[in-house]
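Subject: Structure handover

Hi,

Here is the structure I promised to pass on. Please open it alongside this email; my notes follow below.

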Amino acid sequence: MKIIRASEIGTYVFCNRAWWYQSSGYEPENKTELAGGLQIHAKHSRAFMFSSCLQASAYLVLLVALISVVIWLIQAIL
């Protein structure tokens, strides 16, 4: 029994003909275009990770600012 992987399901949902070619062992003829697409996806992934880290840093700075304001208010009241 052949094990079906999640990537195969994704390929089938996107294009069942592409899945059939892939499972039959056909090699793609547009390897340069596919390589270019991989580079674009890698660049996008790096940009996404950077923006996620930047967003997490912004939330951390906001949390520190809010805690500082609360401490300042407590000291001002006392």
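Leu60, Leu63, Val64, Ile67 and Ile71 make a nonpolar patch of about 460 Å² on the surface. Keep in mind that this is a predicted model. One of the patch residues, Val64, sits in helix 3, which covers residues 31-77. Val64 has a relative accessible area of 48%, so it counts as partly exposed.

Val70 also belongs to helix 3. Val70 is partly exposed, at 46% relative accessibility. Phe50 lies 20 residues from Val70 along the chain, and their C-alpha atoms are 30 Å apart.

Next, the aromatics. There are 4 aromatic pairs in the structure. Trp20 and Tyr26 form a tilted pair, because their planes meet at 35° with the ring centres 5.8 Å apart. Tyr21 pairs with Tyr26 edge-to-face. Here the centres are 5.4 Å apart and the planes are at 80°. Ring pairs thus join Trp20, Tyr21 and Tyr26 in a cluster. How accessible is Trp20? Trp20 is partly exposed, with 39% relative accessibility. Tyr21 is partly exposed too, at 38%.

Last, a charged residue to look at: Glu8. Glu8 is in helix 1, residues 6-14. Is Glu8 buried or exposed? Glu8 is buried, because its relative accessible area is 13% and the cut-off for buried is under 20%. Setting aside neighbours within four places in sequence, Glu8 contacts Lys2, Ile3 and Trp19.

Best wishes

How values were computed. Residues are numbered from 1 along each chain as its sequence is written. This is a predicted model: local features need pLDDT of at least 70, side-chain atom pairs count only at pLDDT 80 or more; totals for chains, interfaces and linings use all residues. Side-chain values use heavy atoms; hydrogens and water are left out. Patches are made of residues with over 30% relative accessible area and no salt bridge: like charges are joined within 9 Å, nonpolar side chains (Val, Leu, Ile, Met, Phe, Trp, Tyr) within 5 Å. Accessible areas come from the Shrake-Rupley method with a 1.4 Å probe; for residues, only the protein chains shown count as cover. A salt bridge is a side-chain nitrogen of Lys or Arg within 4 Å of a carboxyl oxygen of Asp or Glu. Helices (H or I, at least four residues) and strands (E, at least two) are DSSP runs, numbered from the N terminus. Buried means under 20% relative accessible area, exposed over 50%, partly exposed in between (1.4 Å probe, protein chains only). Contact means heavy atoms within 4.5 Å. Rings of Phe, Tyr and Trp (its six-membered ring) pair if their centres lie within 6.5 Å; planes under 30 degrees apart count as stacked, over 60 as edge-to-face and the rest as tilted.
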